[in-house]
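Good morning, colleagues. Please take a moment with the sequence and the structure on the screen before I begin.

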Amino acid sequence: MGVLVCFHAHPDDEVFITGGVIRAASDGGHRVVLVTATDGALGEVPDGLLEPGETLAHRRLAELDASADALGVHRVVPLHYRDSGMAGTADNAHPDAFCNVDVDVAAARLAEVLSEEGADVVTIYDENGGYGHPDHVQVHRVGVRAAELAGVKRVYEAAVNRDHMKRMIAANPAWADGADAPDVETLGLPEEAITTVVDVSGHVQAKRAAMVAHATQVGDFGPFLQMPLELLGAAVGTEWFRRRDVPVGHRESALDL
């Protein structure tokens, strides 16, 4: 069977845009490896959630393991780079931040995992990292280079479908007149750029369980955890990718494992 390696920036990033394909691949008998670049230490956390003396980085790694179990991941590989923080913050300038590490050095570390595992497919992000986060942009750069070093030909950029988001916003009565609607003009990829549309509606419960595992990230996942399963399926039951190095017009409904 095939080997799927999903490369993400922080613990919890694996859930939204690749959680379904991870669970589907694992259920299909493929080996799945999850690699995370950073410790996620700059994420927000609800007051009082951490135990005395417990660091956020330590908790988020434990949450990552629990999420990985829910998604059927066989191996988790944290690279332990420093979280760079959101774009425009002072943390972006720290010399040890992931966004500032030498691309070839980081790529060599990821390539070692790809080669060791005999990876058939690797997922990364698009060149804007989905929404411009410095660590996500660096995942793209490092992932592309690592695939070259390891000779992995099937590289998929996981992305939000921008046009799908626009349709969801237009269908929401609260934003019918455009007031206070979120700006998604630079989010993800336009539909025409997407090559691979995967129906993961059968794995929504696994994605929800993975969300629950990331208790520190309730600010991100909380609204989704309040949704009935049917509505949650409409929100996260499809995952989109742009496959690199395929002809214009290429379309498929699953990762080529």
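**The sheet, its helices and the core**

I begin with one residue pair: V197 stands opposite W240 in β7. Please bear in mind throughout that this is a predicted model. Strand β7 covers residues 238-243, and 4 bridges join it to β6, with the two strands running antiparallel.

Let me now place that pair of strands in the sheet. The sheet is open and has 7 strands with mixed pairing, in the order β3-β2-β1-β4-β5-β7-β6. Why do β3 and β6 each have one side without a neighbour in the sheet? These two strands, β3 at 75-81 and β6 at 196-199, stand at the edges with a single partner strand each, so one side of each is left without a neighbour. From one strand to the next, the twist averages 25 degrees.

I turn to the helices. Helix α1, residues 13-27, lies across β1, β2, β4, β5, β6 and β7. Its direction is at about 90 degrees to β7. Helix α3, by comparison, lies across β1, β2, β3 and β4, and runs at about 170 degrees to β3.

Finally, the nonpolar interior. The largest nonpolar core comprises 57 residues, and those with the most contacts inside it are V5, F7, V35, F98, L114, V122 and V139. Which helix gives the most to this core? That is α3, residues 103-117, with 6 residues. As for V139, if residues up to four places away in sequence are not counted, V139 touches F7, H8, A9, A37, F98, I124 and Y125.

Thank you for your attention.

Technical notes. Residues numbered from 1 in each chain as written. Predicted model: local features only at pLDDT ≥ 70, side-chain atom pairs only at ≥ 80, totals over all residues. Heavy atoms only, no water. Core = buried A, V, L, I, M, F, W, Y, C linked by side-chain atoms within 4.5 Å. Buried < 20%, exposed > 50% of the residue type's maximum accessible area, 1.4 Å probe, protein only. Helix = DSSP H or I, 4+ residues; strand = E, 2+ residues; numbered from the N terminus. Contact = heavy atoms within 4.5 Å. Pairing = 2+ DSSP bridges. Axes fitted to C-alpha atoms, helices over the stretch in contact; angles between N-to-C directions.
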